[in-house]
Amino acid sequence: MIKKLLLAIMLAIPVSMCAQKFAVIDTQAIMSEMPEVKTAQEQLMASQQKYEAEFTKLQEEFGKKFEEYNSLDENTPATIRERRTTEMQELEAKINQFRQTAAEDLQRQQQQLLAPIQENVMKAVQAVGQEGAYTFIFENMVPVYVGTDVTDITPTVKTRLGIK
C-alpha cells in the first residue's frame, strides 16, 4: 500500500511541474526607467547638497578653532588651552553626530520616496503574473541558465507601468 502511494506521488510530481509557468523580471531595469524614480533621486540629491553645505560650514568652524588653538603661544595659561581643546572636542562630536543624523535622514527619505514606486512595480508584476497565470516570477539578477520555457516579463510590466 505504501509503495503504491509513493509511486503515485512520484508520478504526480513531474506532471504537476509541467503545468507550472515560470517567469523572470528585471525590476532594476524597470525602476531605472521610471520618471518617478528620477524625480525621487533629484529630491534626494537636493537634500544631500544641503547637508553637504552644512557639513562644510561645520568643518570650516572646526578649522578656525584649530587654527586659533595652534596660534596660542607657550605662555598661554593651561586653563585657556584646556577650554579650547574642550571646544574642539565638542565641535568634533557635533560634526560626527550631524554626519550620522544626515545619513539616517537621507536613508529615511530614500525609503519614503521609493516605497510607493516599488509598490506600484510590485502591483504591476502581480497583475502580469495573474494575467499570465505564472506559478513563480523570479528576479533576473544573475541567472546561470534560463530555459526556453521561462518568460521574461520585464517588457510587459514596463508597458503596464507606461514605460517605453
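Phe-98 is found in helix H4, which covers residues 78–131. The model is a predicted one.

**Around Phe-98**

Leaving aside residues up to four places away in sequence, Phe-98 touches Tyr-51, Glu-54, Phe-55 and Leu-58. Take Glu-54 from that list. Phe-98 and Glu-54 are separated by 44 residues in sequence, yet their C-alpha atoms are 9.1 Å apart in space.

**Aromatic pairs**

How many aromatic pairs does a search of the whole structure find? The search finds four. Phe-136 and Phe-138 form a pair that is stacked, with 5.7 Å from centre to centre and 25° between the planes. The angle explains the label: pairs count as stacked when their planes are under 30 degrees apart.

Phe-136 and Phe-138 also belong to one aromatic cluster, together with Phe-22.

Are the two stacked rings buried or exposed? Phe-136 counts as partly exposed because its relative accessibility is 41%. Phe-138 has 43% relative accessibility, so Phe-138 also counts as partly exposed. Partly exposed here means between the 20% limit for buried and the 50% limit for exposed.

**Charges over rings**

Two tyrosine rings have a basic side chain over them, as tabulated here.

| Charged residue | Ring | Distance to ring centre |
|---|---|---|
| Lys-21 | Tyr-134 | 4.7 Å |
| Arg-81 | Tyr-69 | 6.0 Å |

For Lys-21, the charged end sits over the ring of Tyr-134. Arg-81 lies over the face of Tyr-69.

Key:
Residues are numbered from 1 along each chain as its sequence is written. This is a predicted model: local features need pLDDT of at least 70, side-chain atom pairs count only at pLDDT 80 or more; totals for chains, interfaces and linings use all residues. Side-chain values use heavy atoms; hydrogens and water are left out. Rings of Phe, Tyr and Trp (its six-membered ring) pair if their centres lie within 6.5 Å; planes under 30 degrees apart count as stacked, over 60 as edge-to-face and the rest as tilted. Buried means under 20% relative accessible area, exposed over 50%, partly exposed in between (1.4 Å probe, protein chains only). A charge sits over a ring if NZ of Lys or CZ of Arg is within 6 Å of the ring centre and within 35 degrees of the ring normal. Helices (H or I, at least four residues) and strands (E, at least two) are DSSP runs, numbered from the N terminus. Contact means heavy atoms within 4.5 Å.
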